[in-house]
Amino acid sequence: MRPRQANRLGLFTAALIFVAIGAGVFYGAQRFISDANRVTHTNEVIALIGDIESAVHDSESAQRGYLLTNNVSYLADYGRSRDQLPDALTRLQDMVRDNPEQGRRAASWRIDILRRLSQMEATLGNYRLGGLAAAQRSINHEVRQASVNIHRQAEELVTAERDLLALRARSSHDSANLLRGLALLGIPLGLAVVGLVYWLLVGEIRRRASAEAASSDARRQLMVTIEKLEAHGEDLNDLSRYSGMLQSCVRSEEAIRLATQHFSRLLPEVGGTLYRIRASQDYAEEAAHWGEHALHSGAMFPLEACWALRRGQPHVHRAHAEMLGCTHLVAPALHAAPTTACIPLIAQGTQLGLLYLSSHDDAFLARQDLVETAAEQLSMALSNLELQERLRIQSIREPLTGLFNRRYLEESLARELARCERRGLPLSVMMMDLDHFKAFNDLHGHVGGDTLLSGFGQLLQKLARAEDIACRYGGEEFTLILPEADMDIARERAESIRAAVGAMRIRHMGQELPAVTVSIGVATYPRHGREGEQLIRLADEALYHAKRRGRDRVEAAAEAGGPVLHQA
C-alpha cells in the first residue's frame with residue numbers, strides 16, 4: 001500500500017473512531033438528560049401526592065375545628081382545601097397516565113378521596129341539622145377507615161414513584177458508565193491511529209511540508225476535542241453524584257451546603273451567592289456564598305429588584321451590554337466590566353430562591369446548561385424537604401396553640417411511661433381546663449376565645465421544661481406530661497401554672513382581655529395508676545373535682561375514696 005493511501009486510510013479510520021465516540025457521547029448525554037427529566041417528573045408526582053394528602057388532612061382538620069368551635073373561619077379553610085382537591089387529582093392522573101398501574105392507583109385514590117369529601121359534607125349537614133352530637137354520630141368506623149385507606153394508598157403511590165426513581169437513577173449510572181467506557185476505550189484507540197498516521201507522515205516530510213502542517217493542525221484540534229470530551233464526561237459524572245446526594249439530604253441547610261460545594265467546583269473562577277426567599281415572599285436573603293464576586297450583590301433585597309425573579313427565568317447581563325441589569329447589584333467601578341447571571345430556583349411553580357454568579361470573564365456562560373440543571377435539581381430537593389417538614393409538623397402539632405396534638409400525647413405518654421418504668425422513676429400527668437371558658441367565648445366571640453387559647457398555649461410552652469410534653473387535649477382542656485416528677489413536684493408545678501394564668505394578660509384588637517383562671521387535676525405514676533389512659537382519666541376526675549370545689553385550684557387524683565384536696 002502506498003504511503004498516500006495509507007495516510008488516507010489512517011485518517012479515515014481515526015475520523016470514524018471519533019465520530020463513533022462523538023455519537024456515543026451524544027447518545028449517552030441524551031440518555032442522561034432524558035433520565036434527569038424523568039427523575040424531575042417523578043419528584044413532581046411525589047410532591048403533588050404530598051400536596052393532595054396535605055389538602056385532605058387540612059380539610060379534615062378544618063372540618064373538625066368547625067365542628068368543635070363553630071368558627072366559620074375553619075369552614076372557610078375547609079372549603080379552600082376541599083376545592084383544591086379535584087383539580088389536583090386530575091393533574092395527578094394526567095401525570096401518571098404513562099404508567100397504567102399508577103394510573104389505576106391514582107383513579108382508586110381519587111374515588112376514595114371524593115368519597116371522603118362526601119362523608120365530610122354529610123357530617124357538616126348532620127351538624128347543621130342536629131348539632132355536634134349528630135355530627136359525632138356520623139363519624140363512624142367507615143369514616144375512619146376511609147381516612148386510613150387514603151393514607152395507605154398515598155404511601156403506595158409514593159412507594160411506586162420512589163421505585164421508579166431508583167430505576168431511573170440506575171439508568172443514569174449506566175449512562176455515566178457508557179461515557180466512561182467511551183473515554184477509556186475509544187480515546188486510546190483513536191490516539192493509536194493518530195500515532196500511526198503521524199509515523200507514516202514522517203517519510204513524506206521533505207516532499208509534503210504542507211501536509212505536515214495540516215496534520216499538526218488536525219492533531220491539535222483532536223487534542224482539544226479529547227479534552228472537551230473528558231471535561232464534559234467529568235461534569236456529567238459530577239452532576240450525577242450531586243443529584244444522588246441531594247436526594248439523600250434530610251435538611252435544607254445540608255442541601256444548600258452540598259450545592260455550594262458543587263457550584264464552587266463547577267465554576268472555580270466565579271463568585272456565587274445562593275439566596276432563599278423568606279416565608280413572607282417579600283425578600284430574598286443570602287443563604288450561602290463562595291468565591292470572589294466581580295460585582296457584589298446585597299445580602300437582602302426585594303424580589304422586584306431581580307429580573308430573574310420577576311420573569312421566572314435566567315437573566316444574563318454580559319459585560320458592556322446595554323440592557324438593564326438587576327438593581328440588587330452594587331454599581332460597578334468605571335473600569336470594571338463584569339458578566340453576571342441570575343438563575344431563579346423554582347419548583348412546582350413556587351419561587352424558592354436565586355443563584356447569583358459574577359465574573360470578569362464570561363467564559364463561565366459556556367457551562368450555563370449544567371448550572372441550570374444543577375439549580376433545578378436543588379430547587380426540587382428544597383421543595384421536597386420543605387414539604388416533608390410541613391407534613392411532619394402538621395402531623396404532631398395543633399395549629400392554634402402550637403402545642404402537640406392528642407395523637408402525639410397518647411404516643412408520648414406510652415413511651416415515657418415505659419421509660420420511667422424501666423428506670424424506676426415517677427411520672428405525673430396534669431389535666432388543665434380554663435374556667436368559665438364558654439362564658440368568655442360567648443362574651444368575646446370565637447376570635448377572642450382563640451386568642452385566649454393561643455396565649456395560654458404560649459404560656460404553657462414557656463413554663464414547661466425541655467423534657468415536659470405540653471398538649472392540647474381538646475377544646476379548652478390541656479395536658480402536661482411531667483417525666484420523672486412525683487406528686488409533690490407536680491403540685492408545685494401546677495401551683496406555678498395556676499398563678500401564672502391568674503397573672504396572664506392578653507390583648508385582642510387593641511384591648512386587654514379580662515383575666516382568667518385555670519383548674520388543674522394531677523395524677524402520678526405509679527401512685528395512682530400504671531396505664532396512660534388510667535392516669536389521664538384520674539387526672540381528669542381530679543380536674544372536675546377542682547371545678548366543683550370552686551375552680552382556680554389544684555386537686556390530686558384519688559388514692560382511696562374521693563380526690564385529695566389541695567387548696568389553691
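Hi everyone, let's start with a single residue: E484 sits in the loop between β9, residues 477-483, and α11. What caught my eye is its backbone, since phi of E484 is near 65°, a positive value in a residue other than glycine. Before I go on, please keep in mind that this is a predicted model.

While we are on loops, here is another one. P526 lies in the loop between β12, residues 518-525, and α12, residues 532-548. Which kind of peptide bond joins Y525 and P526? A cis one, with omega at about 0°.

Now to the helices, and I have three pairs for you.

Let me stay with α12 for the opening pair. Helix α9, residues 406-423, packs on α12 at an angle of about 110°, and the axes are 9 Å apart. An angle from 65 to 115 degrees counts as roughly perpendicular, so α9 is roughly perpendicular to α12. On the α9 side the contact uses L409, L413 and L417, and on the α12 side G532, L535 and I536. Sorted by class, that contact has five nonpolar residues, one polar and no charged.

Next, α11 again, the helix that follows our E484 loop. Helix α10, residues 437-463, and helix α11, residues 487-503, pack at an angle of about 140°, with 11 Å between their axes. How are the two oriented to each other? They are oblique, because 140° falls outside the parallel, perpendicular and antiparallel ranges. The crossing of α10 and α11 is right-handed. If you have the model open, look for F456, L459, L460 and L463 on α10, facing R493, I497, A500 and V501 on α11. Seven residues of this contact are nonpolar, none is polar and one is charged.

The last pair is α2 with α3. Helix α2 covers residues 72-95 and helix α3 residues 100-138; they pack at about 160°, with axes 10 Å apart. Angles over 145 degrees count as roughly antiparallel, and therefore α2 is roughly antiparallel to α3. Here the crossing is left-handed. From α2, the contact includes L75, Y78, R82 and L85, and from α3, W109, R110, I113 and L114 are among the residues involved. By class, the α2 contact with α3 has 14 nonpolar, two polar and four charged residues.

Let's finish with the empty spaces.

How many cavities of 30 Å³ or more does a search of the whole structure find? Three. I'll show you the second largest cavity, which holds about 40 Å³ of space. Its lining consists of L452, M504, R505, I506, L513, P514, A515 and V516. Seven of those residues are nonpolar, none is polar and one is charged.

The second largest pocket has about 570 Å³ of space. There are 28 lining residues, and F32, A36, L239, T373 and Q377 lie nearest the centre of the pocket. The elements giving two or more residues to this lining are α1 (3-69), α4 (141-202), α5 (209-248) and α8 (368-396). Which of them gives the largest share? That is α1, with ten residues. As for the character of the pocket lining, eleven residues are nonpolar, 13 polar and four charged.

That's my tour, thanks for listening, and I'm happy to take questions!

Conventions. Residues numbered from 1 in each chain as written. Predicted model: local features only at pLDDT ≥ 70, side-chain atom pairs only at ≥ 80, totals over all residues. Heavy atoms only, no water. 1 Å grid on protein atoms, 1.4 Å probe; cavity = no way out; pocket = protein on both sides within 12 Å on 5 of 7 lines; lining within 4 Å. Points joined across faces, edges and corners; volume = space filled by probe spheres on them. Nonpolar A, V, L, I, M, F, W, Y, C, P; charged D, E, K, R; others polar. Axes fitted to C-alpha atoms, helices over the stretch in contact; angles between N-to-C directions. Helix = DSSP H or I, 4+ residues; strand = E, 2+ residues; numbered from the N terminus. Left-handed = near helix turned anticlockwise from the far one by under 90°. Contact = heavy atoms within 4.5 Å. Parallel < 35°, antiparallel > 145°, perpendicular 65-115°, else oblique.
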